[in-house]
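Colleague: I am new to this structure and should like to understand the reasons behind the terms applied to it. May I put some questions to you?

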Amino acid sequence: MVLKELALLRGVSGNEGAVRDYILKKIAPFADDLRVDRIGNVIAFRRARLQGEKRHALICAHMDEVGLILTGINDTGLLSYRTVGSIDERTIVSKRVKIGDRQIPGVIGAKAIHLQTEEEFKKVLTHDQLYLDKAATDKAAAEKLVSPGDYISFDSDWVEFGESMVKCKALDDRAGCMTLLSVLEGDYPCDLTCVFSVQEEVGCRGAQVAGYQIKADCALILEATGANDLGDVPEHLRVCDVGGGAAISFMDNASIGHRGLTRALRSLAQRNQIPWQVKRYVSGGNDSAGLQTANG
């Protein structure tokens, strides 16, 4: 399964090489022009093969995932880190990780609950109060295996459950990458550029670079979103319904969608009986922020 293969690849922002290599092999037979730019984006061009008004469309999905980077090793062999992308401290304690190119196993540890003071117990531990433990006995032993600057990715198994449901890391946005791979196999009445971008999780940097290289008439972003549908979340705070079809976004915290394009997407879905829904809650941001303001 392509999505499983993509999701299990390690590709923290700035270190997307494994994902890039996989995608390049997959799309080589379908692209009329294929290149990697200097920041690391994969840019694939497919010229129009059907009759129609001469237009140029750009479709983008990002290759990178959130993760960590090793910043230091203390005397006991424990490792300090910085986050790469936005990661809530509440979700990270006891998570398994893989460190560096050698994929050294480790786990994110915190002060034991029964040893915490009452004041510590009431607060969420911040990233600078957490450490990576990879079972090294001291600093010298740790330095033989890892170094500051090593990328750290989450060690997350692929688990299938329920009806067409999966659990894994990096579904944001390897699901978009999977979809974009299939887009490249089609024939269209317009020129098409597909961008597999880098560093979306740290500020849409790859999309900004791509936007200044490619002068397209319109751009679509293929992204993942959270549903926020657990427990007692009120209906008006839910983002979308799982299984309800593609979620079309009209705005987020970084961009506002073109009204005509949004209406066209809805009409297209209705005409072709494609399940769709509105992304109901305004939050976050994606590569549209980098593309919308580039190149006019």
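Colleague: Why is Val-159 called partly exposed?

Modeller: The model is a predicted one. In it, the relative accessible area of Val-159 is 37%. Buried would require under 20% and exposed over 50%, so Val-159, at 37%, is partly exposed.

Colleague: Where is Val-159 found, and what patch does Val-159 help to form?

Modeller: Val-159 is found in strand E10, residues 159–161. Together with Phe-161, Met-165 and Val-242, Val-159 forms a nonpolar patch on the surface. The accessible area of these residues together is about 320 Å².

Colleague: What makes strand E12 largely enclosed by the rest of the structure?

Modeller: Strand E12 covers residues 191–197, and seven of its seven residues are buried, so the strand is largely enclosed. Asp-191, Thr-193, Val-195 and Ser-197 point one way, while Leu-192, Cys-194 and Phe-196 point the other way, and all are buried. In a regular strand, side chains alternate between the two faces of the sheet.

Colleague: Which strands pair with E12, and in what sense?

Modeller: Strand E2, residues 42–46, runs antiparallel to E12 and is joined to E12 by five bridges. Within that pairing, Arg-46 has Leu-192 as its bridge partner. Strand E3, residues 56–62, pairs with E12 in the parallel sense over seven bridges, and Ala-61 of the model stands opposite Phe-196 in E12. At least two bridges are required for a pair.

Colleague: How do you know that Cys-60 is not bonded to Cys-177?

Modeller: A disulfide requires two cysteine sulfur atoms within 2.5 Å. The closest cysteine sulfur to that of Cys-60 is in Cys-177, 8.7 Å away, and this is too far for a bond. Cys-194 is in no disulfide either; its nearest cysteine sulfur, that of Cys-60, is 9.5 Å away. By this rule the count comes to zero disulfides.

Colleague: Why are Cys-60 and Cys-194 called buried?

Modeller: The cut-off for buried is under 20% relative accessible area. Cys-60 has a value of 0%, so Cys-60 is buried. Cys-194 likewise has 0% and is therefore buried.

Colleague: How do you know that the span of helix H7 agrees with what a helix should have?

Modeller: H7 has 13 residues, 259–271. The expected span is 1.5 Å times one less than the number of residues, so H7 should span 18 Å. The end C-alpha atoms of H7 are 18 Å apart, and the two values therefore agree.

Colleague: What is the sign of phi at Gln-273, which follows H7?

Modeller: The phi of Gln-273 is positive, near 55°.

Technical notes
Residues numbered from 1 in each chain as written. Predicted model: local features only at pLDDT ≥ 70, side-chain atom pairs only at ≥ 80, totals over all residues. Heavy atoms only, no water. Helix = DSSP H or I, 4+ residues; strand = E, 2+ residues; numbered from the N terminus. Buried < 20%, exposed > 50% of the residue type's maximum accessible area, 1.4 Å probe, protein only. Patch = residues over 30% accessible without salt bridge, like charges linked within 9 Å, V, L, I, M, F, W, Y side chains within 5 Å. Areas by Shrake-Rupley, 256 points an atom, 1.4 Å probe, with all protein chains shown as cover. Salt bridge = Lys/Arg side-chain N within 4 Å of Asp/Glu carboxyl O.
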